[in-house]
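Visitor: I would like to learn how the words used for a protein model are earned from its values. Could you take me through some of them, step by step?

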Amino acid sequence: MTLREMNTENQERSRSVAFVALLIEDIIAARQRLIAAPTQTARRDVVRTSLAAIEGMTWVAREHVRTALASVEHLSPIADLALREQAYTVSDNGQVAIRSQGLPLLTTIRLVVSQASILSPELAVEFATSGWADLRQSVNIRNRITHPKPGQEFTVSDEDLVAVASAVSWLVATLDYVMTSTNLALTRYNDSMRDTVQRLAAGDPAALEEYHAALQEAEGED
């Protein structure tokens, strides 16, 4: 990686950290407003703000994993489209066009974890937990109050707020784990590549054999 690429990567990381911090600040502010004025309006504000933050943090993780995979040429064209939330159409006259295709939040999270596992096969995110169940419930709560219908429950209960808080905690911990794991995998990959280049430059015959074997394997995959 060149110095320019490193600087660009560091700038992107700084922007992502600042963005996530802002999202968390919004949640804290919403909860403080609820404490000051414990109304149903304030409760709904906590739910909406929390789910907006969850979506924002998921977007950060999605871009992190997509960029990481691309940097080591492990990002397939299909996965790239999926992570970008895009699809393509072909008109009758053969013209190709890209169109947006938003994914449900929960599906996006599973996609991010699945793609991160390509870089970090040891990654083990447990979805059979109360945190994931609370996130699923939180999405339903948000949908219920964001798209209200006559006769439908519009109030947010104490149990709802507990589920939302649990969902935020689970997601923050999970995405931090995923991104830390991919960063570690990238570090190992870069160290391995550096070692291989140094061995090739030194004329190590074993390194040359490994290099040719890797090329043949890549050609076989194509």
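Guide: Let us begin with one residue of this predicted model, namely Leu161, which is buried with a relative accessible area of 17%.

Visitor: What makes Leu161 count as buried?

Guide: A residue is called buried when its relative accessible area is under 20%, and Leu161 has 17%, so the word applies. Leu161 lies in helix α6, which covers residues 158-201, and Leu161 touches Leu34, Arg43, Val46, Val47 and Val156, if residues up to four places away in sequence are not counted. One of these partners, Val46, is 115 residues apart from Leu161 along the chain, and yet the C-alpha atoms of the two are separated by 7.9 Å.

Visitor: How much of the whole chain counts as buried?

Guide: Of the 222 residues of the chain, 33% count as buried. The chain has seven helices and two strands, and from the N terminus on these elements run α-α-α-β-β-α-α-α-α. Among the contacts with a separation of 6 or more, 63% are between residues 24 or more positions apart.

Visitor: Is Glu73 buried or exposed, and how do you know?

Guide: Exposed is the word for a relative accessible area over 50%, and Glu73 stands at 75%, so Glu73 counts as exposed. Glu73 is found in the loop between α2 and α3, and it has a positive phi of about 60° although it is not a glycine. Glu85 also has a positive phi, near 55°, and is a residue other than glycine; Glu85 is found in the loop between α3 and β1.

Visitor: Why are α2 and α4 called roughly parallel?

Guide: Two packed helices are described by the angle between their axes and the distance between the axes. Helix α2, residues 40-71, and helix α4, residues 105-119, pack at an angle of about 25°, with their axes 10 Å apart. Angles under 35 degrees count as roughly parallel, and therefore α2 is roughly parallel to α4. The crossing of α2 and α4 is left-handed. The contact involves residues of α2 including Leu51, Ile54 and Val65, and residues of α4 including Leu105, Ile109 and Val112. By class, the residues of this contact of α2 with α4 divide into twelve nonpolar, three polar and two charged.

Visitor: What makes α2 and α5 oblique to each other instead?

Guide: The axes of α2 and α5 come within 10 Å and cross at roughly 125°. Roughly perpendicular covers 65 to 115 degrees and roughly antiparallel begins over 145, and an angle of roughly 125° fits neither range, so α2 and α5 are oblique to each other. The crossing in which α2 passes α5 is left-handed. In this contact Arg44, Val47, Arg48, Leu51, Ile54 and Glu55 of α2 meet residues of α5, among them Leu135, Val139 and Ile145. The contact of α2 with α5 has seven nonpolar, two polar and four charged residues.

Visitor: Which residues of α4 and α5 meet?

Guide: Leu105, Leu106, Ile109 and Arg110 in α4 meet Trp132, Leu135, Arg136 and Val139 in α5. These residues divide into six nonpolar, no polar and two charged. The axes of α4 and helix α5, residues 130-146, come within 10 Å and cross at roughly 145°.

Visitor: How do you know that β1 and β2 pair?

Guide: Two strands pair if there are at least two bridges between them, and strand β1, residues 86-90, has five bridges with β2, in the antiparallel sense, so the two strands pair. Among the partners, Gln86 stands opposite Ser100 in β2, and Ala87 has Arg99 of β2 as its bridge partner. β1 and β2 form a hairpin with five residues between them, and Gly94 in the turn has a positive phi of about 85°.

Visitor: Why is β2 called hardly covered?

Guide: Buried means under 20% relative accessible area, and among the five residues of strand β2, residues 96-100, the count of buried residues is zero, so the strand is hardly covered.

Definitions and conventions
Residues numbered from 1 in each chain as written. Predicted model: local features only at pLDDT ≥ 70, side-chain atom pairs only at ≥ 80, totals over all residues. Heavy atoms only, no water. Axes fitted to C-alpha atoms, helices over the stretch in contact; angles between N-to-C directions. Helix = DSSP H or I, 4+ residues; strand = E, 2+ residues; numbered from the N terminus. Left-handed = near helix turned anticlockwise from the far one by under 90°. Contact = heavy atoms within 4.5 Å. Nonpolar A, V, L, I, M, F, W, Y, C, P; charged D, E, K, R; others polar. Buried < 20%, exposed > 50% of the residue type's maximum accessible area, 1.4 Å probe, protein only.
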